[in-house]
2 protein chains.
Amino acid sequence: MSTYLIVEDDALHRNFLREVISLSDLVCSQVVEACDGEEAIRLVQLHEPKGIIMDLQMPKKTGVQAAKAIWADNPAMPIVFWSNYADEAYVRGITKIVPASATYGYILKTSSKERLCRSIQCVFLEGQSIIDREIRGVQQRSHGRTDGLSDVEYEVLLDIAIGLTDQAIANRRNISLRSVQGRLQQLYAKLGLVEMPTLEGHTAEYNSRARSIALALMSRLINGKSIETAEAEYVSALKLRSIEKRD
Amino acid sequence: MSTYLIVEDDALHRNFLREVISLSDLVCSQVVEACDGEEAIRLVQLHEPKGIIMDLQMPKKTGVQAAKAIWADNPAMPIVFWSNYADEAYVRGITKIVPASATYGYILKTSSKERLCRSIQCVFLEGQSIIDREIRGVQQRSHGRTDGLSDVEYEVLLDIAIGLTDQAIANRRNISLRSVQGRLQQLYAKLGLVEMPTLEGHTAEYNSRARSIALALMSRLINGKSIETAEAEYVSALKLRSIEKRD
DNA sequence: GAAATACATGCGGGAACCCGCAAAATAAAT
DNA sequence: ATTTATTTTGCGGGTTCCCGCATGTATTTC
């Protein structure tokens with residue numbers, strides 16, 4: 001009576017995943033499928049699966065958001081993330097929310113069928129957490145100080161990416177205006193914003209703020225999705241704040 | 001002896017496309033596959049296919065870039081774009097470069113197999129250009145003034161998205177500083193940057209420049225890829241300019 | 001306990017940005 | 001050709017941003 005859940009919006013990939021499950025030696029009586037994060041959360045409550053294979057980029061709710069909700073109720077649920085990109089935005093999101101009691105995997109879609117199959121077995125049967133080699137690099141970076149952004153820096157990066165002013169950030173984070181600018185300076189430095197004096201007249205070529213957003217996007221530190229979720233977080237926090245104020 | 005070319009980086013999707021071709025009534029003696037834009041360009045020269053089905057998001061060279069190169073040599077080549085998103089960045093890119101002599105199609109990956117099959121037949125056999133309904137909306141918007149950005153506005157949007165200062169934009173586009181700011185004002189207005197006085201103390205909540213980038217990203221006007229290509233264009237144009245200067 | 005490191009903060013100034021007002025310059029329409 | 005839009009540009013001023021210099025405060029390290 002063991003059930004497994006597939007969460008993936010692309011129909012082709014969904015079929016592929018079902019095939020992989022049938023190929024692996026899982027004792028599997030049924031496979032349930034969801035097309036987006038919200039459906040996934042519902043189906044978990046309904047079927048109580050033994051494990052989940054999930055895409056990260058999906059409509060309605062990101063894989064990260066869905067995982068967070070699922071782990072909140074089932075802190076031991078094994079989840080294999082199967083994604084296209086090694087975007088730091090995603091990796092960072094996951095490593096932040098994975099509970100100590102859960103095993104998980106992060107496999108790239110470029111991996112071979114065999115590799116995916118083996119990974120699934122490792123996570124679901126042997127309770128191992130495994131992470132694709134390509135992603136390891138990103139993960140190291142985000143933990144070790146070396147070159148990667150610290151949490152505050154990443155935070156302020158998202159803040160300017162959704163378009164906040166220094167003052168708005170200061171309010172939001174409860175720090176002084178100058179501190180925001182200090183954090184920004186750090187961020188700029190880490191992103192390698194060294195002004196090259198290519199333009200004559202000694203006027204700056206790049207706007208540090210906008211440039212750092214561009215660099216972050218191009219180096220996959222952030223992406224459209226992460227901006228959207230950051231935005232959503234911001235407005236909901238704002239609402240809460242204005243309710244408090246009313247008291 | 002008719003050959004067709006599939007350009008798609010995802011292996012599963014590649015197989016799916018091959019299956020669709022075999023299902024359609026194309027007189028097809030062989031199917032050639034490429035995994036990225038550059039390979040596609042090479043294979044077109046080598047095999048001179050009767051038609052191309054191509055993804056838009058690919059490593060090395062975008063589908064748009066590849067199509068541009070291909071159409072430069074074969075202005076009548078029928079190309080079916082098969083893509084995940086209805087991102088304006090892509091639609092705009094394509095409608096700009098498609099030569100009058102070519103037929104093309106733009107089908108979303110969410111379409112059914114039957115629909116894709118029919119579309120392929122229309123484009124390759126009957127020489128019709130067809131565009132998915134969802135995308136039509138985007139296309140209308142970008143041509144009709146209604147709400148959509150004009151070309152200059154889109155241009156300046158990309159300029160700030162890669163991080164240029166007003167002055168740098170002025171130099172690049174050969175207009176005055178004030179004109180750049182004028183264009184930016186238009187852009188801000190069209191993106192709906194109306195300052196809501198939510199923040200007390202009457203300080204601005206949003207930085208117009210960064211905010212417009214965020215809005216553009218969230219509404220799919222631009223994406224990471226379009227920023228990358230804009231960046232590449234800019235640096236190469238810069239190089240040319242500095243060579244001219246040397247004379 | 002002293003030195004080192006990292007972070008928050010204040011001050012101040014120069015640069016860049018945003019934008020209202022209004023006059024030229026261009027393009028489009030009748 | 002004259003009128004009508006649209007675009008470009010200048011001027012000016014208020015904000016915001018960027019950042020060097022300096023001080024204070026934790027936290028770490030030896």
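**A tour from the sheet of chain B to DNA strand D**

Begin by selecting residues 3-7 of chain B in this predicted model: they form strand β1, which pairs with β2(B) in the parallel sense over 5 bridges. Within this pairing, display B:Ile6, which stands opposite B:Glu33 in β2(B).

Next, extend the selection to the whole sheet. It is an open sheet of 6 strands with parallel pairing, in the order β2-β1-β3-β4-β5-β6 of chain B. At its edges stand β2 (30-34) and β6 (130-131) of chain B; each has a single partner strand, so one side of each is left without a neighbour in the sheet.

Now add residues 113-126 of chain B, which make up helix α5. This helix lies across β3 (51-54), β4 (79-83), β5 (104-108) and β6 of chain B, and runs at about 170 degrees to β5(B).

Turn then to chain A and colour its two parts separately: domain 1 covers 3-143 and domain 2 covers 151-246. Where they meet, 7 residues of domain 1 of chain A are in contact with 8 residues of domain 2 of chain A. The side contributed by domain 1 of chain A comprises 2 nonpolar, 2 polar and 3 charged residues.

Finally, select DNA strand D. Which residues come nearest to DNA strand D? Of the 19 residues around this strand, they are A:Thr165, A:Asp166, A:Arg209, B:Ile175 and B:Ser179. Two or more residues of this surface are given by each of α8 (166-173), α9 (177-190) and α10 (208-218) of chain A, and by α9 (177-190) of chain B. By character, the surface near DNA strand D holds 4 nonpolar, 11 polar and 4 charged residues.

Methods:
Residues numbered from 1 in each chain as written. Chains lettered and ligands numbered in written order. Predicted model: local features only at pLDDT ≥ 70, side-chain atom pairs only at ≥ 80, totals over all residues. Near = placed C-beta within 6 Å. Helix = DSSP H or I, 4+ residues; strand = E, 2+ residues; numbered from the N terminus. Nonpolar A, V, L, I, M, F, W, Y, C, P; charged D, E, K, R; others polar. Domains from an automatic or database assignment. Contact = placed C-beta atoms within 7 Å. Pairing = 2+ DSSP bridges. Axes fitted to C-alpha atoms, helices over the stretch in contact; angles between N-to-C directions.
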